[in-house]
Amino acid sequence: MKQHDTSWVKALQDKVAELSPSLPDIRHELHSYPETAYKEKRTGSLIRDLLAGEDLRILDPLLGTDVVCTLQGAAPGPTVLLRADMDALSMNDESGKPWRSLTTGIHHGCGHDGHMTMLIGAALTLSRLRKNLRGRVIFLFQPAEEGGAGAKRLLEAGLFQNTGTPDAAFALHGWPGLPEGVLHTRPGHLMAAQDRFFIHIRGTGGHGAMPQLTRDPVVAASALVMELQSLISREYDPRRPAVLSVCTIHGGTAENIIPESVELSGTTRYFDEEGRYFFRNRIEEMTTSICRAHRVEGTLKYVEGYIPVVNDSAMVDVCRKAVELSLGSACWNGRGDMYMTAEDFAYILDAVPGALLLLGLGETWPGLHTPQFDFNDRVIDRGVTALSSLVLGFREM
Ligand SMILES: [Zn+2]
Ligand SMILES: [Zn+2]
């Protein structure tokens, strides 16, 4: 049996060690100037500036802010796509860090600044290791992960017509709650599909002391919130994970006025195709019938969101081998939990085989989408090594 060539491992470790002191500054710069979905203009230009002068071919943007570049290795071989998301969240930054957001109300609360930095690091590393590289790499800096389906829109706009269809695609997401620097994933479903729903309940308002003259939407809304909880506990297959959360409830202006209307909104999460059909239909039926029982009118708007993230089993094995070679087996957990969060990298994994890996930020690290969150600089070089190794090690599988 042919011995695999692993000479790239040492070359990679040396290059990352050389580059790693400069990476936190890049991350802090991105963190200080966060931009929300499809507005990542400054972010995109910074990435272009940092990658200029390397052996990379930088393509024109398809959606205004995306940065897509390709790297041709010294010998022919497979094409691997690496992706990072670019957008920040509409929320305040209360991290208290010297590099905290300079824009009030916008914050890199999901760590996409860290993802971009790691992909910049991988692009610099791999372009400087071109002689060790067989095949091609596509580096994809993608706008609008947070609800804007940037990955889906890039595919629809012809991403792969411009770059060629890759043989595999990989991405990292920093993850609080997991041990620092450990890569966590699983074959098959890693993250859920996600939809949103909005319910408008209309009654007849009136004096709080004269309910007999009203049709009270508050009581109807309360009944509906409770009944919706029975969909998962009593109807959905208990062997399949799913979530239904009502997250907002708004109505009324004073303690002695029964309002005209109440608004509810929430999210559903599930893994199977039927989940979407089930929740859309049953929420609709419950809204109509429970509201009718309370003599009010309920209308539902159900908005379909991302499809589930499904990792290819063979590709998870590719990742395991590459990470074990470059970082050691203590940095790998290939049988981790699945999560009810959603990620639009799902659309890329629907088009080509690959895997999403979660990079542990630390077990007690502040949660994603919190004002206190800030990416962990200590794992950046691990991420760069992992991403680069998925490319360099790919041909060995
Ligand atoms: Zn997020
Ligand atoms: Zn995210």
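This report walks through the domains, one sheet with its helices, and some enclosed elements of a predicted model.

**Two domains**

Let's start with the overall layout. The domain assignment splits the chain into domain 1, covering 8–191 + 308–396, and domain 2, covering 193–303. Their C-alpha centres are 38 Å apart. Where the two meet, domain 1 contributes four residues and domain 2 contributes six residues. On the domain 1 side of that contact, three residues are nonpolar, one is polar and none is charged.

**The four-stranded sheet and its helices**

Next comes an open sheet of four strands, in the order β10-β12-β8-β13, with antiparallel pairing. Its edges are β10 (242–251) and β13 (297–303), each of which has a pairing partner on one side only. On average, and ignoring direction, neighbouring strands here are turned by 20 degrees against each other. Two helices go with this sheet. Helix α7 (residues 217–235) packs on it and touches β8 (193–202), β10 and β12. The direction of α7 makes about 170 degrees with that of β10. Helix α8 (residues 273–293) lies across β8, β10, β12 and β13, and runs at about 165 degrees to β13.

**Strand pairs side by side**

If you would like to follow the pairings in the viewer, here are three of them, each with a pair of residues that stand opposite each other.

| Strand pair | Bridges | Direction | Opposite residues |
|---|---|---|---|
| β10 and β12 (residues 261–270) | nine | antiparallel | Val 246 and Gly 266 |
| β2 (residues 67–72) and β4 | six | antiparallel | Leu 71 and Val 137 |
| β3 (residues 75–85) and β4 | eight | parallel | Ala 75 and Arg 134 |

Strand β4 thus appears with two partners: β2 runs antiparallel to β4, while β3 runs parallel to β4.

**Enclosed elements**

Strand β4 (residues 134–142) deserves another look. Eight of its nine residues are buried, so β4 is largely enclosed by the rest of the structure. For anyone who wants to check the burial, a residue counts as buried when 20 or more other C-beta atoms lie within 10 Å of its own.

How many of the residues of helix α4 are buried? The count is 16 of 17, so α4 too is largely enclosed by the rest of the structure. Helix α4 spans residues 112–128 and reaches 24 Å from its first C-alpha to its last. That is close to the 24 Å expected at 1.5 Å a residue.

Technical notes:
Residues are numbered from 1 along each chain as its sequence is written. Chains are lettered from A and ligands numbered from 1 in the order in which they are written. This is a predicted model: local features need pLDDT of at least 70, side-chain atom pairs count only at pLDDT 80 or more; totals for chains, interfaces and linings use all residues. The expected span of a helix is 1.5 Å times one less than its number of residues. A residue is buried if 20 or more other C-beta atoms lie within 10 Å of its own, exposed if 12 or fewer, and partly exposed in between; C-beta atoms are placed from the backbone. Two strands pair if DSSP finds at least two bridges between them. Axes are lines fitted to C-alpha atoms, for helices over the stretch in contact, and angles run from 0 to 180 degrees between N-to-C directions. Two residues are in contact if their C-beta atoms, placed from the backbone, lie within 7 Å. Domain bounds come from an automatic or database domain assignment. Ala, Val, Leu, Ile, Met, Phe, Trp, Tyr, Cys and Pro count as nonpolar, Asp, Glu, Lys and Arg as charged, and the others, Gly among them, as polar.
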